[in-house]
Every structure is written in structure tokens, then in C-alpha cells.
Amino acid sequence: MAKPKKRYVCQACGSVSHRWQGQCGDCAEWNTLTEDVPATVFSQKHDLSSGGRAVEFVDLDKPGEMPVRQKTGLAEFDRALGGGLVPGSAILMGGDPGIGKSTLLLQAAAKVAREGRGVVYVSGEEAAGQVRMRAARLGLSDAPVKLAAATGVRDILTTLHTMPQPSLLVIDSIQTMHSDTIEGAPGTVSQVRGCAFELIRYAKENGVALVLVGHVTKDGTIAGPRVLEHMVDVVMSFEGERSHQYRILRALKNRFGAVDEIGVFAMAGEGLEEVENPSMLFLSGREQPLAGSAVFPAVEGTRPVLVEIQALIVRLQSGATPRRAVVGWDNGRLAMLLAVLESRCGLNFSSAEVYLNVAGGYRLADPAADLAVAAALVSALADKPLPDRSVWLGEISLAGEIRPVAHAGLRLREAAKLGFDRGYGPAETGGNAPGITYAGLSQLANLVDRVIS
Ligand code: TYD
Ligand code: MG
């Protein structure tokens, strides 16, 4: 190969010479010649600054078309999705095994199919017969869902291209899918990523709403590469304690809507039933007030949900290390509240076991639940029930102050609707509701005085 000739370019006038010299022969400037690295075939190929097509820019205010949502008819499912399925979007549905993902999707698929829209349900986990049996049990046998048991992405896409495009495609699950262009067994990172990529591309090109079921690992994340969550438009998680009846469908990511709406279902003999008024369901059968129980008006998206918080304190005689166990709330937050109660209110939990439970398998993350948890703890410690038909809301600071919370009015109105008539919360409240006698507490110590006196 011929040795490329060196080039020297004058930085002042741009003239080129093949020999370095102190003064430019054209413009007579001194010390302006520098060596120019010649373009090789390699660098031309890897220089991305030319050779491409021009990209079109649009303005942000250009009135684009909002995606038309298609309701599935399963109202709680639509609500969690932010209003329905968006054609050409990809949804990843995660959840523990046996929580009811396949049941939920079969029900949604049947609803859509009964409305006359095309639905394809591909099961990679169960044989067609098993899915048919489930459909019979759910009373959905007559729904015109196109059901197939397949795991080859090439087979699935080939078949889909020979038929009218469905409006909904369900793949149960992405971990069982296999692409013959990629090495490795189904479920490996490269297979999951590659199969998802092909299926999502099909969905986007054809305006099909795609639902991928994803397995969840022990620590609660969707198995396979994290990149799957980046590739899809919506990530949903189907949660609940398997021993409880209730299931919550939650969007963890949604490119087309808010992520704070939840859908609530109850698993019954005939599949998942929609629960329109979830407040009733998380309050365990409350006949007379019990020590250690407090009701917290939570807000999920735009919807208030009343949940019961239960605390149990067991005094230890021996010097053994006492246990702290929490279900449905944050462990660290409980430790913090106990510390605040000890140091600001003079209560002693150090020789007591503390158990905290959020009834009905519900999971709370709202800091506004602090006061209700503290009330349950103080009530359990004093062995005195809290005032009958009362709700508690407020965030607690390390100094023991009770802080304002968002949507106080909404929360209290929901409580009033369900027959509660007392509210306890921060002194400066965001609103009250008719029918509720509200008491503002500024310090955690006020709560302790109220419960113990
Ligand atoms: P499934 O949808 O198979 O769960 P996943 O796909 O998330 O693994 O649900 C299985 C569970 O649901 C199973 O334990 C039985 C229960 N179930 C009912 O209680 N009632 C029903 O009508 C159906 C179909 C399932
Ligand atoms: Mg399943």
C-alpha cells in the first residue's frame, strides 16, 4: 500500500503544501502550517458527520395527534393504564408467579375480542388446552380470541403477517420466547432482549398494542435485562399477597400517562373481579374499636383508599433482643418513628417487640401515613383503642412535628363517605370535609397526650 502523503495546511489562509516550512508560501504568515491527518478508508467509514439523511425538525407546539386510547372494557385495567391501550405501544406486565397475570390478560383479551377487535393471545408457558380450561372456568370460552401455544418469535411474526392485524397481542411470557437469530436458551438476557425488540418493532410498525408478560425475580425486579423496561412504553406491576384475595395493578412507568393510578382486583373463583370501592376492602371487619388499630386515608393517583394499620407491642421479660417486623410499610421508617416516639415523647419501646401490619396485603409508601402508624403504636403501647371512627394523617419530622400532607381534603371526604367522623392531622390542614370533626395536632406529644389521657 502506498504511503499516504503528508499534508500541511496553513491555519491562516488554508493553503496546502506537502512540505513543512516556517512561513506560508501563499500568505507569508509565520508558523501557521500544521500537519493534517489524511482521511483513511477507516476514518471515512467511522466519521458519522456526513453521508446520512437530513433529519427533520419539528416545533414543540406543532399540534400532534394524541394517541387514541382503546378501552379494554376492564375498567380497573384501563384506569391503571391511564385510560386504555394505546395502539402501537408496548406494555410489560410483571408480577410474582401465580399472582394472576395470565388470568387478568385473558380476561382483558376476551373483553376486547367480544367488542369485535382482533386479539391474539400467545402462550409460551401453558398448552392451549390449559388456557382453554382457564377460559372455560372464567366463562370466556365464547370470546373470539385467537389462541396459540408457541415460543418461536419467527413463527409468531410469520403467522401475524399472513393475517389481518389484531388490535391486541398478548405474549405470555417474554422469558419463554425464542429467536433463531440469537444464540442462547430462552430466558437468557440476549434472547429476552432480542425477542422483545422484534415483537416491539412489529407492534410499532403495525399499530398493535402489545402486552409482554415478564417474570419477576426474588428481589422483585422483572427478570431479564433491565433494558426491557427501557424498551417498552409502559411497565406495569401486578402485586398482592398470594394468600390475600386482593391484587393491585400499578404502572411503574407510563410514557402516555400518570403512574400513580392503580387498579384493584379481587381474585375469586371466577377469576379477577374489579373492585370499584377499594376503601371498604382494606378495612378489616371493624366492629368495635381495638387497641393498636388506626385508619389512614391513603391516596392512589386521584383515588382515595382507606387502609387500616395494625400494631402489636409485646413486652419482653428477658433481656433478649426484641424483634421489629413490618408488613406493608417501610422498615426504616418504622425505626425512625420509634426513635422519635422514644426521644420526643418519652415512650419506651426498647424492651418490647413491635409488629406492624397494613391490613389486606396493601403496601404503603406515602409519608402521610406516619401519624396513623404512630397512633397505632401509641394505642397498642397504652392498650387503649383510638377514638371510634377516626382517621389519622400527617407526616412526622425527626423533631416530632406533624407536617402537612397533600390532598388532605380529598382524603377526609373519602373518610366521611365511609362513615368516619373524626380526623386527626397537622394543625395547618389543606382542607376539611363536611361531617368530619377535625383536630389539628402540631406535635407528636399532643397525640400521646390524647391517647393516653
Ligand atoms: P395465573 O393467572 O395463572 O397467574 P400467573 O400468570 O401470574 O402466574 O393465576 C393463577 C392463580 O390464580 C392460581 O393460584 C389460581 C388462581 N385463580 C383463582 O383463584 N380463580 C380463578 O378463576 C383463576 C383462573 C385462577
Ligand atoms: Mg401465567
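Visitor: Between which two strands does the loop that holds Ala28 lie?

Guide: In this predicted model, Ala28 belongs to the loop that connects β2 (16-17) with β3 (33-36).

Visitor: Why is Ala28 called partly exposed?

Guide: The relative accessible area of Ala28 is 42%. Buried requires a value under 20% and exposed a value over 50%; 42% satisfies neither condition, and Ala28 is therefore classed as partly exposed. The phi of Ala28 is also positive, about 65 degrees, although this residue is not a glycine.

Visitor: What makes Arg389 partly exposed, and where is its place?

Guide: Arg389 has a relative accessible area of 43%, a value that falls between the limits of 20% and 50%, so the term partly exposed applies. Arg389 sits in the loop between α10 and β17 (390-392), and its phi is positive, near 50 degrees, in a residue other than glycine.

Visitor: What is the peptide bond from Asp172 to Ser173, cis or trans?

Guide: That bond is cis, its omega being near 5 degrees. Ser173 itself is found in the loop between β7 (168-172) and α6 (189-206).

Visitor: How do you know that an oxygen atom of ligand 1 and the backbone of Gly98 form a polar contact?

Guide: The distance from an oxygen atom of ligand 1 to a polar backbone atom of Gly98 is 2.7 Å. A polar contact is a pair of N or O atoms within 3.5 Å, so the pair qualifies. For Lys101 the corresponding distance is 2.7 Å, and for a backbone N or O atom of Ile99 it is 3.4 Å; both values lie within 3.5 Å, and these pairs therefore count as well. The protein covers 74% of the 560 Å² of accessible area that ligand 1 has on its own.

Visitor: Which elements each supply at least two residues of the shell around ligand 1?

Guide: They are α3 (101-114), α4 (128-138) and β11 (262-268). By class, the shell comprises five nonpolar, six polar and five charged residues.

Visitor: What makes the 65 residues a nonpolar core?

Guide: Such a core is a set of buried nonpolar residues joined through side-chain atoms within 4.5 Å, and the largest set that meets this condition has 65 residues. Those with the most contacts inside this core are Phe296, Trp329, Leu364, Leu377, Trp392 and Leu447. Helix α10 (residues 370-382) contributes the largest share, nine residues. Not counting residues up to four places away in sequence, Leu447 touches Leu371, Ala374, Ala375, Val378, Trp392 and Leu441. Another core, of 35 residues, lies apart from the largest and includes Ile99, Leu104, Ala251 and Leu272.

Note on methods:
Residues are numbered from 1 along each chain as its sequence is written. Chains are lettered from A and ligands numbered from 1 in the order in which they are written. This is a predicted model: local features need pLDDT of at least 70, side-chain atom pairs count only at pLDDT 80 or more; totals for chains, interfaces and linings use all residues. Side-chain values use heavy atoms; hydrogens and water are left out. A polar contact is a pair of N or O atoms within 3.5 Å; within protein, one must be able to donate a hydrogen and the other to accept it, and residues adjacent in sequence count only if both atoms are side-chain atoms. Accessible areas come from the Shrake-Rupley method with a 1.4 Å probe; for residues, only the protein chains shown count as cover. Helices (H or I, at least four residues) and strands (E, at least two) are DSSP runs, numbered from the N terminus. Ala, Val, Leu, Ile, Met, Phe, Trp, Tyr, Cys and Pro count as nonpolar, Asp, Glu, Lys and Arg as charged, and the others, Gly among them, as polar. Buried means under 20% relative accessible area, exposed over 50%, partly exposed in between (1.4 Å probe, protein chains only). Contact means heavy atoms within 4.5 Å.
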